[in-house]
Amino acid sequence: MSVLDRLEGRLVVSCQPVDDGPMDDPAIVCAMARAAVAGGAGGLRIEGVENLRATRPLVDVPIIGIVKRNVSGSPVRITVTEQDARALVAAGADIVAYDATPRPRPDPRDGILAAILAGGALAMADCATRADAQAALTGGAAIIGTTLSGYTADTATGDDAPDLALIEEFSRLDGFVMAEGRLNTPELAARAMQAGADAVTVGSALTRLEVVTGWFADAVRGRR
Ligand SMILES: CC(=O)N[C@H](C=O)[C@@H](O)[C@H](O)[C@H](O)COP(=O)(O)O
């Protein structure tokens, strides 16, 4: 079965601990990944080459690899260099995701996409708009994700709702649609599928304990 067939209609769990928090450790990322697969995840999203190398031998589901890097003078963070893209492929990523917005970054987005494809992996375009998705599909990306909607200057809305309208728009394009971003409940994940997603990625609500704890702490604090 192809990688995309294996992901169709499935949940992908993004195992990205809070940066520099107590769970930001490859052994814990491995445990999260195994727990996610045990719970029914059909794929994983793993950040960092070290975390990917540690996780890869432990699971047999498709892995989407990314490297997050802060670059001075650019807001782009997800797989911003061709070298990172090549390192992710070498570490065993089936799919490499990259920032597919047209914002300035060290290596052009087309070069990163080409490096992913040259390595033999599938490319996932982390998009903020329909135009990002169209450009990525033209360049050969297999997966278009709504990952960056709400996180660019042009798309920031300031609320916590996922962008279901963009998922629906993507479903009319000719690519595999990954719904991603603020799908914080099973109900929202189901609505993303109804809006036309092929698969749904959930991160914070499953693997950022500090974030989820904050939701509950805020709900409880000061209520009596
Ligand atoms: C915008 C950005 O940098 N998104 C990142 C992409 O890898 C992650 O921080 C998110 O956790 C991931 O996209 C999953 O989304 P959510 O955590 O909302 O389920």
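**Close-up views of a predicted model**

**View 1. The largest nonpolar core and its most connected members.** In this predicted model, the largest nonpolar core comprises 61 residues, of which V96, Y98, M124, A125 and I144 touch the most other members. Leaving aside residues up to four places away in sequence, Y98 is in contact with I78, T79, A85, R109, I112, L113, I116, A123, A125 and D126; A125, one of these partners, is itself among the core residues that touch the most other members.

**View 2. The loop residue T79.** T79, a contact of Y98, is placed in the loop between β3 (63-66) and α4 (82-90). Although T79 is not a glycine, its phi is positive, at about 45°. T79 counts as buried because 32 C-beta neighbours lie inside 10 Å, where 20 or more are required.

**View 3. The loop residue D20.** D20 belongs to the loop that lies between β1 (11-15) and α2 (26-38), and its phi, near 60°, is likewise a positive value in a residue other than glycine. Only 6 other C-beta atoms lie within 10 Å of D20, so this residue is exposed, the limit for that class being 12 or fewer.

**View 4. The surroundings of the ligand.** Around the ligand there are 16 residues, and those that come nearest are S14, Y151, R182, G203 and S204. Two or more residues of this shell are given by each of the elements β8 (199-202) and α9 (204-207). Sorted by class, the shell around the ligand consists of seven nonpolar, seven polar and two charged residues.

Key. Residues are numbered from 1 along each chain as its sequence is written. This is a predicted model: local features need pLDDT of at least 70, side-chain atom pairs count only at pLDDT 80 or more; totals for chains, interfaces and linings use all residues. A residue is near a molecule or strand if its C-beta atom, placed from the backbone, lies within 6 Å of it. Helices (H or I, at least four residues) and strands (E, at least two) are DSSP runs, numbered from the N terminus. Ala, Val, Leu, Ile, Met, Phe, Trp, Tyr, Cys and Pro count as nonpolar, Asp, Glu, Lys and Arg as charged, and the others, Gly among them, as polar. A nonpolar core is a set of buried Ala, Val, Leu, Ile, Met, Phe, Trp, Tyr and Cys residues joined through C-beta atoms within 7 Å. Two residues are in contact if their C-beta atoms, placed from the backbone, lie within 7 Å.
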